[in-house]
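Here are a few exercises to help you get to know a new structure. Try each task yourself before reading its solution.

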Amino acid sequence: MIELRELTMADPPALQRIYSGASLTYIERQTLSIDEAVDLVANTLACARAEPRDRWAFGIAAGDDLLGMVRLQCRTERQATISYLLREDSWGRGYATQAVAGMLRHAFAATGVTSISARHHPDNVASGRVLQKNKFIYRGTRDGWPSYGIHKPDRRGT
Ligand SMILES: CC(C)(COP(=O)(O)OP(=O)(O)OC[C@H]1O[C@@H](n2cnc3c(N)ncnc32)[C@H](O)[C@@H]1OP(=O)(O)O)[C@@H](O)C(=O)NCCC(=O)NCCS
């Protein structure tokens, strides 16, 4: 069982372990130095204070162990993209699926976002499964990358 939480200034060493190794294979990120990890937390906390807020980044935690990150970034007032990353030793336990579900609940209940899109590297099958299991609809490929979208459910839950 995981929970989503805000980052804190105690998190940079854990973020360094998350942003490393096989977890970076399909994303446009390099291994983080400790200074970059500190900047990442500082930027995330600054974004949390921005008015209006246009991005949310939560840590994915199992108890005291920070395992990953899930992010929501607005492109317009109503449209956002979602992305997620887990430390390699925590893959395959359903955590990314739970984290995306948690971010969707947050986005649709606590922000003005009504439509969320995502895409993944064509070889990153696990990432596509995470989206499918969260009821994202496949929209075809963009620049060769499978793309998905989901809308805020209406009051009947559809
Ligand atoms: C992609 C990622 C987030 C998945 O995290 P996870 O916690 O292992 O995902 P879950 O356990 O919730 O679900 C993974 C699903 O993919 C499936 N899967 C995993 N590897 C797979 C593979 N090589 N081929 C097919 N399916 C695969 C799992 O079986 C599971 O589906 P199932 O429940 O139907 O069996 C994780 O691998 C990761 O952080 N990768 C690096 C960063 C990244 O690629 N982020 C996405 C950027 S778009």
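**Exercise 1. Work out what share of the 158 residues in the protein chain is buried.**

Solution. Keep in mind that you're looking at a predicted model. To call a residue buried, look for 20 or more other C-beta atoms within 10 Å of its own. Go through the protein chain with that test, and buried residues come to 30% of the 158.

**Exercise 2. List the helices and strands of the protein chain in sequence order, then judge how compact the chain is.**

Solution. Start with the tally: four helices and seven strands. Next, read along the sequence, and you get β-α-α-β-β-β-α-β-α-β-β. The radius of gyration is 15 Å, close to the 15 Å that the globule rule gives for 158 residues, so the protein chain is as compact as a globular protein of that length. As for the box, the C-alpha atoms fill roughly 45 × 35 × 30 Å along the principal axes.

**Exercise 3. Find how strand β5 pairs with β4 and with β7.**

Solution. Take β4 (residues 79–86) to begin with: it runs parallel to β5 (residues 115–119), and three bridges join the two. For a concrete spot, pick T81, whose bridge partner in β5 is S117. Now trace the path between these strands: β4, helix α3 (residues 95–110) and β5 form a β-α-β unit that is right-handed. Then turn to β7 (residues 145–151), which pairs with β5 over five bridges, this time antiparallel. Here you'll see A118 opposite Y148 of β7.

**Exercise 4. Among contacts between residues at least 6 apart in sequence, what percentage joins residues at least 24 apart?**

Solution. Leave out pairs under the 6-residue separation, then pick those at least 24 apart: they make up 56% of the contacts kept.

Notes. Residues are numbered from 1 along each chain as its sequence is written. This is a predicted model: local features need pLDDT of at least 70, side-chain atom pairs count only at pLDDT 80 or more; totals for chains, interfaces and linings use all residues. The radius of gyration is taken over C-alpha atoms; the globule rule is 2.2 Å times the number of residues to the power 0.38. A residue is buried if 20 or more other C-beta atoms lie within 10 Å of its own, exposed if 12 or fewer, and partly exposed in between; C-beta atoms are placed from the backbone. Two residues are in contact if their C-beta atoms, placed from the backbone, lie within 7 Å. Two strands pair if DSSP finds at least two bridges between them. A crossover is right-handed if, with the strands pointing away from the viewer, the path from the first strand over the helix to the second runs clockwise.
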